[in-house]
Amino acid sequence: MLSPRLVMLRSAASMMSRSLCAAASHGRAADMADVRNRLREIVGASTNWSDHQQAMAERTALSSMLAKSQSDLPAKRMQDSFLEVHLPLGSEPQLREKYLTYHNTVRFGRILEDLDSLAVLISYSHTYNPALRRSPLSIVTALVDKIDMRQHVIYPDCDIKFTGHVTWVGKTSIEAKMHMSQFRDGSYAPVLDATFVMVARDPENKRAAFVNPLKPDGAAEEKLLQEGETNRHRRVELSTASLLKVAPTDAERKIVHDLFLNTLDTNTVSFRSRILPPNSVWMEDAKLKGLEICHPQQRNIFNRIFGGFLMRKAYELGWANACSYGGCRPTLVAVDDILFQKPVEIGSLLMLSSQVCFTQGKFIQVRVHSEVFDPLTRQHSTTNIFHYTFASDRDVPNIVPKTYGESMLYLDGKRHFNQTVES
């Protein structure tokens, strides 16, 4: 949670934003349109596609403004990056249409887009230099570390408030924590907590660039900074223990073998003869795929496909798969470990594949893999991996792997599910 001092001083960060300040001067709270307008101002982007390309070409001249080392940059406080942004769903019916589902709830994919935009602006607020008209940094999302749902119903006719600030920095990376709450029954109630990891690159987005160090002020901020460092160590440990790099643990190998024994045909007792246990589904039958043609409309301020758009599409596909698997509309429990491995270029063919990889009781763990396909070279390149935990209103069938590769997906899904349950 944000310290009371940060809340009291939230206007400090907003001073760096002309458009956010303009919103306040007109007697209204800053909204997501202000956030995106400010981001375009910071990097000199255009809303016009042809002008945008020219603006990005001109950014190469900003390389000379980059710091040679982190020690050349002034330390910033957490309050320097604090932002508060409103989503007036209750008072603006036209805006509500964009977020509304058929079942009269809020489209969570749209919330993911807003969180991504806000995390970028928070990071730019941390690195703001009043002496520069445009920032030489290209700040992009590297990882969605965690999104924990504190309330599973988001009302489409009640205002939403986002708050957030930087909580940890490395030499070229930034951790931003955000909180979303909704106004209902006379007060704002918490809805979710999100942690994003951003990386700073040069103006051409080709190499890493230094960011301002972070100076905590008081015990509460020291604790947040330490939590950020703990998160970094945890991410390193998880990467080291990845099943793509090392063998499963002894306990996990026993789980895989027990799953195999459960599917043996007792009449033939053959390695080749497999029978699906009762109330179970083969993993190969729990997939759902989609394809997106990446148009200029979905671009970000750096002329690549907007990360929030990718998250929205992946979430909606994962939700549809969980809905089909469980036989009812599932609720989101957590978003975990969304890794952005490679930017998606405009004009790409984006292929999305969702897989139910683990189940337990009412819970469904879904993994969504996205890749870019080049029809000329016939090459496939992985761009993102998404992990979602959903809950059904009833117990769901057990998912059963058949191959060794599927067994690794099962164990990976179990690891992500356990992290969600334990957090």
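Helices (H or I, at least four residues) and strands (E, at least two) are runs assigned by DSSP and numbered from the N terminus. This model is predicted, so local features need pLDDT of at least 70 and side-chain atom pairs count only at pLDDT 80 or more, while totals for chains, interfaces and linings use all residues. Residues are numbered from 1 along each chain as its sequence is written, and side-chain values use heavy atoms, with hydrogens and water left out.

**View 1. Proline 190 in strand E5.** Start with strand E5, which covers residues 187-201 and holds proline 190. Is this proline buried, partly exposed or exposed? Its relative accessible area is 38%, so proline 190 is partly exposed (buried means under 20%, exposed over 50%, partly exposed in between, with a 1.4 Å probe and protein chains only). Beyond residues up to four places away in sequence, proline 190 touches Arg150, Gln151, Met180 and Ser181 (contact means heavy atoms within 4.5 Å). For one of these, arginine 150, the C-alpha atom is 6.5 Å from that of proline 190, although 40 residues separate the two in sequence.

**View 2. Strand E1 beside strand E3.** Strand E1 spans residues 83-87, and four of its five residues are buried. Its antiparallel pairing with E3, residues 160-169, runs over five bridges (strands pair if DSSP finds at least two bridges between them). Which residue of E3 is the bridge partner of histidine 86? Look for lysine 161. Lysine 161 also lies over the face of tyrosine 188, 4.4 Å from the ring centre (a charge sits over a ring if NZ of Lys or CZ of Arg is within 6 Å of the ring centre and within 35 degrees of the ring normal).

**View 3. Lysine 402 over tryptophan 282.** Here is another charge and ring to look at. The charged end of lysine 402 sits over the ring of tryptophan 282, at 4.4 Å from its centre.

**View 4. A cluster of aromatic rings.** How many aromatic pairs does the structure hold? There are nine (rings of Phe, Tyr and Trp, the last by its six-membered ring, pair if their centres lie within 6.5 Å; planes under 30 degrees apart count as stacked, over 60 as edge-to-face and the rest as tilted). The ring centres of phenylalanine 386 and tyrosine 388 are 6.4 Å apart and the planes meet at 5°, so this pair is stacked. Tyrosine 388 also pairs with phenylalanine 390, this time in a tilted arrangement with 6.1 Å centre to centre and 40° between the planes. Phenylalanine 386 and tyrosine 388 are both buried. Tyrosine 388 has a relative accessible area of 0%, and phenylalanine 390 likewise counts as buried because its value is 0%. Ring pairs join these three with Phe108 and Tyr315 in a cluster.

**View 5. Arginine 312 in helix H10.** Helix H10 takes in residues 307-326, and arginine 312 is part of it. With a relative accessible area of 9%, arginine 312 is buried. Apart from neighbours within four places in sequence, it is in contact with Arg107, Gly109, Arg110 and Glu113.

**View 6. Three loop residues: asparagine 205, glycine 327 and arginine 378.** Asparagine 205 lies in the loop between E5 and helix H8 (219-240). Its phi is near 60°, a positive value in a residue other than glycine, and its relative accessible area of 17% makes it buried. Arginine 378, in the loop between strand E10 (363-374) and strand E11 (379-391), has a phi near 65°, also positive in a non-glycine residue. At 58% relative accessible area, arginine 378 is exposed. Glycine 327 sits in the loop between H10 and strand E8 (331-340) and is exposed at 53%. Its C-alpha atom is 9.0 Å from that of arginine 394, which is 67 residues away along the chain.

**View 7. Domain 1 and domain 2.** The chain divides into domain 1 (32-241) and domain 2 (250-422) (the bounds come from an automatic or database domain assignment). Their contact takes 41 residues from domain 1 and 30 from domain 2. The domain centres, taken over C-alpha atoms, are 27 Å apart.

**View 8. Two spans from the UniProt record.** An unreviewed UniProt entry lists "domain: HotDog ACOT-type" at residues 81-204 and 284-396 (positions are in the numbering used here, feature names are shortened, and annotations may be inferred rather than shown by experiment). Residues 81-204 are 21% helix and 44% strand, with end C-alpha atoms 24 Å apart. For residues 284-396 the values are 18% helix and 48% strand, with 16 Å between the end C-alpha atoms.
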